[in-house]
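I opened this one up to see how the pieces fit together. My notes follow in the order I looked things up.

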Amino acid sequence: MRGAQIAAVLAAGADAAQLGTAFLACPESGAHPLHKRALTDPLFTRTALTRAFSGRPARGLVNRFTREHGPYAPAAYPEVHHLTAPLRKAAATAGDAQGMALWAGQGHRLARELPAGRLVEVLAAELDTALSELHHRSTS
């Protein structure tokens with residue numbers, strides 16, 4: 001979500017950092033507007049792994065649907081996905097984020113509403129700064 005976090009995972013030995021959630025709030029994202037708003041909404045403070053919407057584990061914002069159905073959801077992809085599709089669509093149409101699949105990583109609160117190209121520029125600049133600081137510390 002931030003360049004310093006990318007630098008940290010690279011310094012820990014990763015070859016890359018996964019930033020999917022960072023791009024969900026971008027105007028180019030196909031995420032539903034309620035999903036985009038939920039990323040930084042104070043009502044959605046945590047994420048959890050759930051099979052509630054699809055039948056296979058995925059991380060999403062904890063909402064009413066995941067609380068009520070997550071503990072009982074079978075590992076039955078794609079059947080659960082197809083079963084919940086009309087429910088998810090109805091929730092989106094009704095403006096009810098509590099019934100939608102709100103996929104997101106743990107850093108969702110740090111999402112920035114920037115165009116994707118600008119976000120890449122910001123992340124690259126932050127990464128350069130963080131890597132320079134790490135290099136400076138290691139040579140001092």
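**Ala-116 and its neighbours**

I started at Ala-116, which sits in helix α6. Keep in mind that I am reading a predicted model. Is Ala-116 buried, partly exposed or exposed? I get a relative accessibility of 22% for Ala-116, so I put it down as partly exposed; the cut-off for buried is under 20%.

Next I asked which residues Ala-116 touches, leaving out those up to four places away in sequence. I found Phe-23, Cys-26 and Glu-28. Cys-26 is 90 residues away from Ala-116 along the chain, yet their C-alpha atoms are 5.7 Å apart.

**The rest of α6**

I then followed α6 along its length, residues 116-139. Its 24 residues should span 34 Å at 1.5 Å a residue, and the end C-alpha atoms are indeed 34 Å apart, so the span agrees with expectation.

Which residues of α6 are buried? I listed Leu-119, Val-122, Leu-123, Leu-127 and Ala-130. I jotted down the usual helix rule beside that list: at 3.6 residues a turn, residues three or four places apart point the same way. The buried residues of α6 pack against α1 and α2.

Leu-134 is also in α6. I have it as partly exposed, because its relative accessible area is 32%, between the 20% and 50% cut-offs. Leu-134 touches Ala-7 and Ala-11, again not counting residues up to four places away in sequence. I also checked Leu-134 against Gly-13: they are 121 residues apart in sequence and 14 Å apart in space, C-alpha to C-alpha.

**Stepping back to the whole protein**

I counted six helices and two strands. Along the sequence they run α-α-α-β-β-α-α-α. The C-alpha atoms fill a box of roughly 55 × 30 × 25 Å along the principal axes.

How much of the protein is buried? I get 36% of its 140 residues. I looked at contacts too: among those with a separation of 6 or more, 61% are between residues 24 or more positions apart.

**Arg-37**

Arg-37 is in helix α3. I marked Arg-37 as exposed, because its relative accessible area is 52% and the cut-off is over 50%. From Arg-37 to Thr-129 I read 29 Å, C-alpha to C-alpha, with their positions 92 residues apart in sequence.

**The way into α5**

In the loop between α4 and α5 I found Pro-78. The peptide bond from Tyr-77 to Pro-78 is cis, with omega near 5°. I flagged that one, as most peptide bonds are trans.

**α5 itself**

Helix α5 covers residues 79-94, 16 residues in total. From first C-alpha to last it reaches 24 Å, close to the 22 Å expected at 1.5 Å a residue.

Where does α5 bend? I put the bend at Ala-85, about 40°, and noted a proline, Pro-86, following within four residues.

The buried residues I noted in α5 are Val-80, Thr-84, Arg-88, Ala-91 and Ala-92. What do the buried residues of α5 pack against? I have α3 (33-38) and α4 (64-69) as the partners.

His-82 belongs to α5 as well. I scored His-82 as exposed, because its relative accessibility is 53%, and the cut-off is over 50%. His-82 and Phe-53 are 29 residues apart in sequence and 8.9 Å apart in space, C-alpha to C-alpha.

Just after α5, Gly-95 takes a positive phi of about 75°. I wrote the general rule next to it: most residues other than glycine have a negative phi.

**The largest pocket**

Last, I went looking for open space. The largest pocket holds about 280 Å³. It is lined by 13 residues, and the closest to its centre are Met-1, Ala-17, Gln-18, Leu-19 and Gly-20.

Which helices each supply at least two residues of that lining? My entry says α1 (3-11) and α2 (20-24). I noted above that the buried residues of α6 pack against these helices, α1 and α2. By class, I sorted the pocket lining into six nonpolar and seven polar residues, with no charged ones.

How values were computed. Residues numbered from 1 in each chain as written. Predicted model: local features only at pLDDT ≥ 70, side-chain atom pairs only at ≥ 80, totals over all residues. Heavy atoms only, no water. Expected span 1.5 Å × (residues − 1). Bend = angle between axes of the 7 residues up to and from the residue. Buried < 20%, exposed > 50% of the residue type's maximum accessible area, 1.4 Å probe, protein only. Contact = heavy atoms within 4.5 Å. 1 Å grid on protein atoms, 1.4 Å probe; cavity = no way out; pocket = protein on both sides within 12 Å on 5 of 7 lines; lining within 4 Å. Points joined across faces, edges and corners; volume = space filled by probe spheres on them. Nonpolar A, V, L, I, M, F, W, Y, C, P; charged D, E, K, R; others polar.
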